[in-house]
Amino acid sequence: MRGAGGGANLLALRSHNTALVLDLLRTAGTEGISRLELAERTGLTPQAVSKITARLREEGLAAEAGRRASTGGKPRTVLRLVPEAGHAVGVHLDRDELRAVLADLDGTVVARRHAPLDLGAGAEAVLGRVAAVVGELGAETARTRSLLGVGVALPGPLDHRRGVLHRVTGFPEWDGFPLREALSARLGGVPVVVDKDTNAVALGLAVGGEGGSFAYLHLGTGLGAGLVIGGSVHRGPRTGAGEFGHQVVQLDGPPCGCGDRGCVEALCLAAVARGETAEAARVLGTGAANLVGLLDIDRVLVGGRTVEGAPEVFVSGVRGVLEARARRTGEECGVVRLVSGEERVAEGAAQLVLAPVFGQDG
């Protein structure tokens with residue numbers, strides 16, 4: 001794997017104005033966009049745009065995409081983003097498996113890895129497995145630019161800002177572990193961003209055009225939520241928002257791995273283990289209805305490997321609970337939709353690195 005110098009250079013370019021220009025270059029696609037259009041859409045002066053685009057071309061991030069006829073004078077040169085100029089690795093650490101992707105600046109996945117993992121095997125073993133996979137994927141960028149960074153998404157709770165894990169349900173030994181610092185050191189200084197798996201998916205959806213306010217409910221080996229309010233991922237002042245699975249819905253219910261009783265996660269997973277998928281969907285829907293009532297969100301999106309095992313049952317079950325609530329309250333029912341894809345979390349983890357480069361919530 002190459003050093004982090006190129007990635008650090010790109011991240012250093014991440015001023016507000018540069019991010020605006022990069023985002024417009026990306027959305028313009030292969031057709032490109034002229035400097036004049038960049039100035040008009042960003043509100044920057046033509047001189048400022050020329051300076052920014054010259055620097056981006058020097059860095060290999062922008063290139064000419066041809067010329068376009070103008071209403072007067074000489075044809076305008078149009079510029080485009082060079083997607084292969086930078087890459088990010090997104091890593092999904094689940095309790096029993098690791099999925100990782102290599103994505104270019106457009107977010108297009110160009111390589112992927114999947115391997116078994118025991119999250120309880122200890123920090124040294126887990127870090128070694130992650131470093132090996134990142135090294136394999138980082139080697140894919142050898143002919144282009146250095147790796148920009150690594151995004152790691154895993155079950156919470158955790159401190160997103162400091163990259164420190166808290167008491168991951170079922171794995172208390174991770175409490176207080178500085179994952180971001182430790183992994184970056186293992187990778188030779190490559191920038192690392194750490195967030196919850198649900199937030200990573202929510203960010204990927206928002207970057208991909210899922211607008212407004214929504215909740216993404218992820219039911220796999222555990223249960224959590226990613227919340228997007230007004231187009232931005234909501235993490236809370238201590239970055240602990242979205243611990244959806246540990247809301248108590250049955251007082252004195254069955255014990256949960258978090259130490260409480262009657263949590264949505266415990267009830268859902270117990271129903272799944274008994275083969276009562278419809279009951280699991282009803283419990284999930286009850287939790288979703290609480291969120292809709294509390295946050296007045298537009299949509300509820302559901303995903304995760306357990307949901308994908310019976311997608312129609314879960315979608316219809318959650319929708320049924322929300323529709324029953326709407327009949328009682330007279331309020332419009334939130335839209336319920338499936339979010340599929342085994343690598344959604346890993347792809348969202350890559351966006352933890354990429355999105356801020358374009359001025360988006362990361």
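Guide: Welcome! Two strands count as paired if DSSP finds at least two bridges between them, and strands (E, at least two residues) and helices (H or I, at least four) are DSSP runs numbered from the N terminus. This is a predicted model, where local features need pLDDT of at least 70, side-chain atom pairs count only at pLDDT 80 or more, and totals for chains, interfaces and linings use all residues. Residues are numbered from 1 along each chain as its sequence is written, and side-chain values use heavy atoms, without hydrogens and water.

Visitor: How do you know that S1 and S3 pair?

Guide: S1 and S3 (residues 76-81) share two bridges in the antiparallel sense, so the requirement of at least two is met. Isoleucine 33 has leucine 79 of S3 as its bridge partner.

Visitor: What makes S1 and S2 edge strands?

Guide: The open antiparallel sheet runs S1-S3-S2. S1 (33-34) and S2 (62-68) each have a single partner strand, so one side of each lacks a neighbour in the sheet.

Visitor: Why is H2 called oblique to H3?

Guide: The axes of H2 (residues 16-28) and H3 (residues 35-42), lines fitted to C-alpha atoms over the stretch in contact with angles from 0 to 180 degrees between N-to-C directions, cross at roughly 120° and come within 10 Å. That angle makes H2 oblique to H3, because it is outside the ranges for roughly parallel (under 35 degrees), roughly antiparallel (over 145) and roughly perpendicular (65 to 115).

Visitor: What makes H7 mostly covered?

Guide: In H7 (residues 197-207), eight of the 11 residues are buried, meaning under 20% relative accessible area with a 1.4 Å probe, protein chains only. Among them are Asp197, Val201 and Leu205. After H7 comes glycine 209, with a positive phi near 110°.

Methods. Buried means under 20% relative accessible area, exposed over 50%, partly exposed in between (1.4 Å probe, protein chains only).
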